[in-house]
Amino acid sequence: MAKTQLNVRVDETTAEAARQRAMQRGMSVNRYIEELVKQDAGEVGRTFVEAASDFMKQYESVFAEEFGELATDDGTGTGSGGARTGSGREGTR
């Protein structure tokens, strides 16, 4: 992957902290900063998933009313996954 150079100005305390943290992790300051940005970008993804989960919990009853039973948190998928067909007993033991 091609690299792009960024020039960033920070105060000396921040620069020294970055140097120390990078050294403790056995990596260059460039790599350390790159990893921090990647982590921060990942936080955005996690925040989105958490918000979507909260939304689904808040409106679970509306979706259940419209589309049938929703998935359970136990991972079995029993009685869930959308509208049921037939007696709802297919595949039961």
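Two rings of Phe, Tyr or Trp count as a pair if their centres lie within 6.5 Å, with the six-membered ring standing for Trp. In this predicted model, ring pairs of that kind link Phe55, Tyr59, Phe63 and Phe67 into a cluster. Below is a friendly tour of that cluster, followed by a nonpolar surface patch and the largest pocket.

**The aromatic cluster**

- By the pairing rule, the model has three aromatic pairs.
- Phe55 and Tyr59 make a tilted pair, because their ring centres are 4.8 Å apart and their planes meet at 40 degrees, an angle that is neither under 30 degrees, as stacking needs, nor over 60, as edge-to-face needs.
- Phe63 and Phe67 also pair, and here the rings are stacked: the centre-to-centre distance is 6.2 Å and the planes are 25 degrees apart.
- Both Phe63 and Phe67 belong to helix α3, which covers residues 60-67. They sit four residues apart, or about one turn of the helix.

**How open are the cluster residues?**

- Partly exposed here means a relative accessible area between the 20% limit for buried and the 50% limit for exposed.
- Phe55 has a relative accessible area of 42%, so this residue is partly exposed.
- Tyr59, its tilted partner, is partly exposed because its relative accessibility is 34%.
- In the stacked pair, Phe63 comes out at 25% and is therefore partly exposed.
- Phe67 has a relative accessibility of 48%, so Phe67 counts as partly exposed too.

**The nonpolar surface patch**

- Val29, Ile33, Leu36 and Val37 together make a nonpolar patch of about 300 Å² on the surface.
- Leu36, one of these patch residues, is found in helix α2, which runs over residues 29-58.
- The relative accessibility of Leu36 is 35%, so Leu36 counts as partly exposed.

**The largest pocket**

- The largest pocket holds about 710 Å³ of space.
- Its lining is made up of 19 residues, and those closest to the pocket centre are Leu6, Val29, Asn30, Ile33 and Glu34.
- Val29 and Ile33 thus appear in two places, as members of the nonpolar patch and among the residues closest to the pocket centre.
- Which helices each supply at least two residues of the lining? They are α1 (12-24) and α2.
- Helix α2 gives the largest share of the lining, with seven residues.

Definitions and conventions
Residues numbered from 1 in each chain as written. Predicted model: local features only at pLDDT ≥ 70, side-chain atom pairs only at ≥ 80, totals over all residues. Heavy atoms only, no water. Patch = residues over 30% accessible without salt bridge, like charges linked within 9 Å, V, L, I, M, F, W, Y side chains within 5 Å. Areas by Shrake-Rupley, 256 points an atom, 1.4 Å probe, with all protein chains shown as cover. Salt bridge = Lys/Arg side-chain N within 4 Å of Asp/Glu carboxyl O. Buried < 20%, exposed > 50% of the residue type's maximum accessible area, 1.4 Å probe, protein only. 1 Å grid on protein atoms, 1.4 Å probe; cavity = no way out; pocket = protein on both sides within 12 Å on 5 of 7 lines; lining within 4 Å. Points joined across faces, edges and corners; volume = space filled by probe spheres on them.
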